[in-house]
Amino acid sequence: MSLTFGRVVGAVSLLFMTPLSLLFYVVYILCIATDIADGFLARKAKVTSDFGAFMDSAADLILIAVMLFILIPLLPFEWWMLLLVGIVVFTRLLALGIGFIKYRTLSLLHTYANKGSGLMLAAFPILFGTLGIGVALVFVFIGAFLAAVEELVITITSKELNRNRTTIFKPS
């Protein structure tokens, strides 16, 4: 839980740094490292919990929201790029809304696709610098959209909430 809390503090601190500076990237990479480490360490130490899984997802959402808040004004987005982002955001919010109505809580899932799209999203600041914003955004969009659709389908079809369901292809 301390790594998750540290990720939230790190994410919020990014708001007060010069975007894309060395310190910004160091803190950002530390946030990503804590995201990778916290779940692994919790499973290894056998101290996983529904609350911990929820807080991990909430910390991820905070980091993503902060990065979007910082990056969107800096990047030369075209209308079609914003449309792709909107499609993913809409699909995610739809899954969250259905999950909230169905389970009376935010139903953030820890699927492999979500982890993969999270890694691609985490790599976005580096990808757009090397591949260009259009290629980087399409690459990230495909992974994020597939993960969002999977989460939506799992949320709709599952009888009970299982945040640790890894994939749509393996029933809980």
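**Figure 1. The whole chain has the radius of gyration of a compact globule.** A compact globule of 172 residues would have a radius of gyration near 16 Å, and this chain has 16 Å, so the two agree. Keep in mind as you look around that this is a predicted model. Along its principal axes, the C-alpha trace spans about 45 × 35 × 25 Å. What does the secondary structure come to? The chain has six helices and zero strands, and reading along the sequence gives the pattern α-α-α-α-α-α.

**Figure 2. Helix α1 packs with helix α3.** Two packed helices are described by the angle between their axes and the distance between the axes. Here we meet helix α1 (residues 2–14) and helix α3 (residues 50–71), whose axes cross at roughly 10° and come within 9 Å. Angles under 35 degrees count as roughly parallel, so α1 is roughly parallel to α3. Which residues make the contact? From α1 come Thr4, Arg7, Val8, Ala11 and Leu14. Their partners in α3 are Met55, Asp56, Ala59, Asp60, Ile62, Leu63, Val66, Met67 and Ile70. Sorted by character, the residues of this contact are ten nonpolar, one polar and three charged.

**Figure 3. Helix α2 packs with helix α5.** Now turn to helix α2 (residues 22–44) and helix α5 (residues 112–131), which pack at an angle of about 170° with their axes 11 Å apart. Are these two helices roughly parallel or roughly antiparallel? Angles over 145 degrees count as roughly antiparallel, so that is how α2 lies relative to α5. On the α2 side you can find Tyr25, Tyr28, Ile32 and Ile36, which meet Leu119, Leu121, Ala122 and Pro125 of α5. The residues of this contact divide into eight nonpolar, no polar and no charged.

**Figure 4. A cavity in the structure has a lining of ten residues.** Rolling a probe the size of a water molecule over the atoms shows where empty space is left. How many cavities of 30 Å³ or more does a search of the whole structure find? The search finds one, and the largest cavity has a volume of about 50 Å³. Among the ten residues that line the largest cavity, Leu109, Ile154, Ser158, Glu160 and Asn162 lie nearest its centre. The lining is a mixture, with four nonpolar, four polar and two charged residues.

Notes:
Residues numbered from 1 in each chain as written. Predicted model: local features only at pLDDT ≥ 70, side-chain atom pairs only at ≥ 80, totals over all residues. Heavy atoms only, no water. Axes fitted to C-alpha atoms, helices over the stretch in contact; angles between N-to-C directions. Helix = DSSP H or I, 4+ residues; strand = E, 2+ residues; numbered from the N terminus. Parallel < 35°, antiparallel > 145°, perpendicular 65-115°, else oblique. Contact = heavy atoms within 4.5 Å. Nonpolar A, V, L, I, M, F, W, Y, C, P; charged D, E, K, R; others polar. 1 Å grid on protein atoms, 1.4 Å probe; cavity = no way out; pocket = protein on both sides within 12 Å on 5 of 7 lines; lining within 4 Å. Points joined across faces, edges and corners; volume = space filled by probe spheres on them. Rg over C-alpha atoms; globule rule 2.2 N^0.38 Å.
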